[in-house]
Structures are given as structure tokens and as C-alpha cells.
Amino acid sequence: MAVETTHMRKFLNEPAKVVKESLAGLAAAHPDLVRYDAAAQIIVRRDAPRKGKVALISGGGSGHEPLHGGFVGLGMLDAACPGEVFTSPVPAQMLAATKAVDGGAGVVHIVKNYTGDVLNFKLAAEDAADEGIKVTSVVIDDDVAVQDSLYTAGRRGVGATVLAEKIAGAAAEGGADLAKVTDIVKRVNDRARSFGVALSSCVPPASGKPIFDLPEGQIELGIGIHGEPGRKRATLGHAAEIVDVMVEAVISDLKPRSGAKVLAFVNGMGGTPLLELYLLYGEVDKKLRAAGVEPARNLVGSYITSLEMAGASLTVLELDEELSKLWDAPVHTPALRWGA
Amino acid sequence: MDAATIATWMHGIDVVMREEKDHLVQLDAAIGDGDHGTNMTRGFEAVVQALDADSSSPPGKLLILAGRTLVGTVGGASGPLWGSALRSGGRVLGDQPTFEDMQLVEVLAAALASVKDLGTASVGDKTMVDALEPAVETLRARLSGGASVADALGDAGDAAEAGMRSTIPLQARKGRASYLGERSIGHQDPGATSTALIIRALQRAVAQAS
């Protein structure tokens, strides 16, 4: 039986079990890549721990699939810690994941900048250190829609998280040490900026109600990934006009070198089809070239989502030779695969 | 006051969180992500289960158990914040089987200190601190002035609710609501709201004990 309310029509058995049942399904679909530890509620790379390899873990609220469980596997994450929908996981999950993947070379925690994620990962890192595991933490905060000031919790971690997991995962797979892998995560975060736009809200299964109402003809500019409203509303215009806003917001903050090679990541929020995402990418490609940078790599698809929200985000990462090479390196995870 | 006071308090929080769950979800949906009521309900359900299985621990240890349970079940920001708060409060009482009025102030003051430390929030940031700090200060002032603990807690509950309402015109500077900038103005903070409920539950638990 599916579950239906006035606002919600979803495939559920019991709303409270949606995360656990989805994780079990992920593991059933990809037994060659991952296993699901139901007691600890973590997704672990099948062959973990790998002796001598730096391990990467990430985690956060669920509802952003395929992030993070879909990125566990060769050349990316060693474990993912999914919390309840839009709620950070608890320290016991991160500690269990850290212990499950530590191959003696240390563990990097990739943390999106949300108060809950940061606090729970902080407690977990302290616990891991108490158990003698070397842990470094990098907080991802690439969302230019949030003013980074004393008056906010700082910029949110959004699209750059996917890029950091891929690129640093390749470095770890290639044998880089803990300091190097940590540095790569930081570099990706330093050189990436994102901006998101919503055409609809989304409906968390536990409440069955949309998080916000968006009147007809309106869009939210500067959204995060939790269905939270953006900084302001605007009238829905042509895609080209919306892309103008996104590219301007990202490029004016990133300030890439003239002629820089960049990775352009057009991400769907869950309810926007590839038909539209490629349309957006076409506009983004043109506008980036007009702005004097070269989109040398790209990623188009729904990789860090907000349930069924219609919308998209743009992440631009300024590349160098090393980051490009790591991006091109083989990856084999449930949601991202090339070269392997 | 003793272990039964703490157990009654935690049971009272569990009941009121369930009653107010939808309200907290609504408040959080306006300026956050709509999970505060669900998270607090899940956390205090687990606390009550843990406490029901423990009939022998002194009050300080029960608070530490409650705090540990919240850290282990809630997630989000409220899990670590209330978890650390109750653990810090519990440590004040050590192993003593009973505690006096002024020690209750010290328990809450330690809880407040750990919330402010972990969350780096101050009064006026539109967070739970806006309800908790005036409650602690009022309780201390009224008890020092010779009021009964029942009266002092009644005033502390009023102060927490006043603090909760004072968050409405504020622009959030911490937590997820801060991402909204000026759009957070005009909404009551869900964390301050659940905090006021927790202080009221303490008032009822202590009234029941005396």
C-alpha cells in the first residue's frame, strides 16, 4: 500500500521506516559494491577496510539520494551515514562507520555545513580519536546564496560535496596519504561555488506536508537542499534568465582566472527531468564561455536532491591539472560510474 | 527532589512533545526544515524507555542517561544540544540521591552553559538560548529572593515563554533559520518553543514531587 495524504503520494510502507527500507534496497541492488549494516544504519564499501588506504566517510540527513549512500564504492566513499529525512545522523553512526573503514591510514570525514551535521560529526570525531583512529574533518560550505558572516551559521554545503567525494576518493584510491586527501577535499571546497533555484517545495514523508507554499508563477532563489525556502522569491522567467542569475551568483563569488578550465555541475533537485537539466546545461555552457572560462568537464543529473523538489543547482569548480586528472580517474559506485 | 522528580520530568516532556509535535513541525517548516517536532518526539520517547528500564540510578545519573539517549537518537542540532545540556546538568549532581532547590539552578545553569558553548549562540540569536537563559536567571533570582521552588519555577516558565515570544521579531543568526536572512523575521523559533515546553514540564514535575 502506498501512503497518500492531501499533499503526498509516495511509495511507502510505514513513513517512519522509509530510510531503513530504502537503504536495504540500495544494498540489495548493489551487493557487489556495498553492504548495509542495519544495526548501525550505515552503508559500507563491500571490501572495507582496505589496508593502508585512507578512508572517506560522509553522511547527513536522508532525502538527498543518491548522496551519500549512492557514492560508496571504488574511487569515492568508503562509508555513508544516513540520518532520518533531512536530519543529521547521530555520532554512533559516524563512529561505527569510521571503525568499519579504517585501514590504518586514517579517515577523512566530509561534513556539509549544517549545524546538526557539524555538531554530530564533531562528537563522533572526538569519540574516534579516543579509540586511537586518526580522523580529519573538512566542512563543505559552497553555497553562495548564504552570506558568510557573523549573522548566519555560514554557507551551506551543497553541490561541491559530490565533487569533493569523487575527487578526494580518487586521490585516496591512488594511495595519497591522510594529509594529502584532506587537502584535496579542502581545495575542492575552496574552488567551488554553488547556487540553487526551486520551482516547487518538497514533502517529507513523516509530516506529509510541503515545507513551503510557492504561489503560481513564483520561484525560490538561493535554496539549500532541505526544502528550506530561499533568500527571496522571483517571478518565473525564461530558463535563460534563471541561468543568468545562477551563473552571475556563482562566478562573481568564485572569481575564476580568465581562461580557467572549470567543471560545471548542473544538478537536479529530484523533480526536474533530464530534458530540462540538459536545456539548463546548454545555457550554462554558453554563459560560462561568455564569462571567459572554459567548461572542460561537466556533470549533469540529479545527484544531491531534495526529495521530489522541482529545481536545479549550479556548481562551478575551478580546475587544475591534478583535480582534472582525479575527476577523470575510474569510479564505480551505485550512482556514479566511469572507467571501471 | 530525587530520581523520581527527574523521571517524572522526562515523562512529562515526552507527553508534551507528542501533544505539540505538529505545532513544532509547523514552526520549523516556516524557517527550518520541518523536522523539529518529529526529532524531539523520537528523542524523548527513547529517553522514557531508557529511564523506565533503570529503577536504581540517582538523579544525576538519570540526567546523564537521558542526555546520552538524546545524542544517540535525535540527530539534527537539537540532539547534541539537549543531549549535552542534560549530561552537563547531570554531572552537577554526581551520585547524590536527592538535591536541593539551589542545586536545581546549578543543573540548569550547567545545561545552559553547555548549549551556549556547543552551539556558540547568545541571547538574541533566535535560538533555544532565548528561552533557556531567562528561565535559568529567573529561577536563580527568585530562589535567592526566598521564593518557594514551585513559585520560582512558575516564574521561570513565564520567563521562558516570554523569551520564546521574543524570538518572533528577531532575525536568526544561528542554525538553519539563519540561511533565510530577513525572511526569518516574524516567526517564532521552534527550538525556543520546545525549550519553554521543557521548562513547564519541569515545573509540573517538581510540583508533583512536593
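Colleague: In what sense do strand 12 and strand 13 of chain A pair, and over how many bridges?

Modeller: In this predicted model, strand 12 (residues 261-268) and strand 13 (residues 294-301) of chain A pair in the parallel sense, over 7 bridges. Two strands count as paired if at least two bridges are found between them. One of the partnerships joins Ala264(A) to Asn298(A) of strand 13.

Colleague: What makes the link between these two strands a crossover, and of which hand?

Modeller: From strand 12 of chain A the path runs through helix 7 (residues 274-290) of chain A before it enters strand 13, a β-α-β arrangement, and this crossover is right-handed.

Colleague: Why is chain A called as compact as a globular protein of its length?

Modeller: Chain A comprises 8 helices and 16 strands. Its radius of gyration is 19 Å and the globule rule gives 20 Å for 340 residues; the two values are close, so chain A is as compact as a globular protein of that length. The C-alpha trace of chain A spans about 55 × 55 × 40 Å along its principal axes. Buried residues account for 59% of chain A. Of the contacts in chain A with a separation of 6 or more, 71% join residues 24 or more positions apart.

Colleague: Why is Pro229(A) counted as buried?

Modeller: The criterion is 20 or more other C-beta atoms within 10 Å. Pro229(A) has 25 such neighbours inside 10 Å, and therefore counts as buried. Its place is the loop between strand 10 (218-221) and strand 11 (232-235) of chain A.

Colleague: Which residues does Pro229(A) touch, leaving aside those up to four places away in sequence?

Modeller: Pro229(A) touches Phe212(A) and Glu220(A) in its own chain, and Leu180(B) and Arg183(B) in chain B.

Colleague: How many residues of each chain are in contact across the two chains, and what classes appear on the side of chain B?

Modeller: Contacts join 26 residues of chain B to 31 residues of chain A. Helix 1 (3-31), helix 2 (36-52), helix 3 (59-73) and helix 4 of chain B each supply at least two residues of the side that touches chain A. Helix 3 of chain B gives the most, with 3 residues. By class, that side of chain B holds 8 nonpolar, 12 polar and 6 charged residues.

Colleague: What is the pattern of chain B along the sequence, and why is chain B called as compact as a globular protein of its length?

Modeller: Chain B has 8 helices and 0 strands, in the order α-α-α-α-α-α-α-α. The globule rule gives 17 Å for 210 residues and the radius of gyration of chain B is 16 Å, a close value, so chain B is as compact as a globular protein of that length. Buried residues make up 62% of chain B.

Colleague: How do you know that the length of helix 5 of chain B agrees with expectation?

Modeller: At 1.5 Å a residue, the 19 residues of helix 5 (residues 101-119) of chain B should span 27 Å, and the end C-alpha atoms are 27 Å apart, which agrees. The buried residues of this helix, including Leu104(B), Val107(B) and Leu108(B), pack against helix 4 (78-93) and helix 6 (129-144) of chain B. Just after helix 5 of chain B, Thr120(B) takes a positive phi of about 45°.

Colleague: What does helix 7 of chain B reach from its first C-alpha to its last, and what is expected?

Modeller: Helix 7 (residues 149-166) of chain B, with 18 residues, reaches 25 Å, close to the expected 26 Å. Its buried residues, among them Leu153(B) and Met164(B), pack against helix 5, helix 6 and helix 8 (190-209) of chain B.

Terms used: Residues are numbered from 1 along each chain as its sequence is written. Chains are lettered from A and ligands numbered from 1 in the order in which they are written. This is a predicted model: local features need pLDDT of at least 70, side-chain atom pairs count only at pLDDT 80 or more; totals for chains, interfaces and linings use all residues. Helices (H or I, at least four residues) and strands (E, at least two) are DSSP runs, numbered from the N terminus. The expected span of a helix is 1.5 Å times one less than its number of residues. A residue is buried if 20 or more other C-beta atoms lie within 10 Å of its own, exposed if 12 or fewer, and partly exposed in between; C-beta atoms are placed from the backbone. Two residues are in contact if their C-beta atoms, placed from the backbone, lie within 7 Å. Ala, Val, Leu, Ile, Met, Phe, Trp, Tyr, Cys and Pro count as nonpolar, Asp, Glu, Lys and Arg as charged, and the others, Gly among them, as polar. A crossover is right-handed if, with the strands pointing away from the viewer, the path from the first strand over the helix to the second runs clockwise. The radius of gyration is taken over C-alpha atoms; the globule rule is 2.2 Å times the number of residues to the power 0.38.
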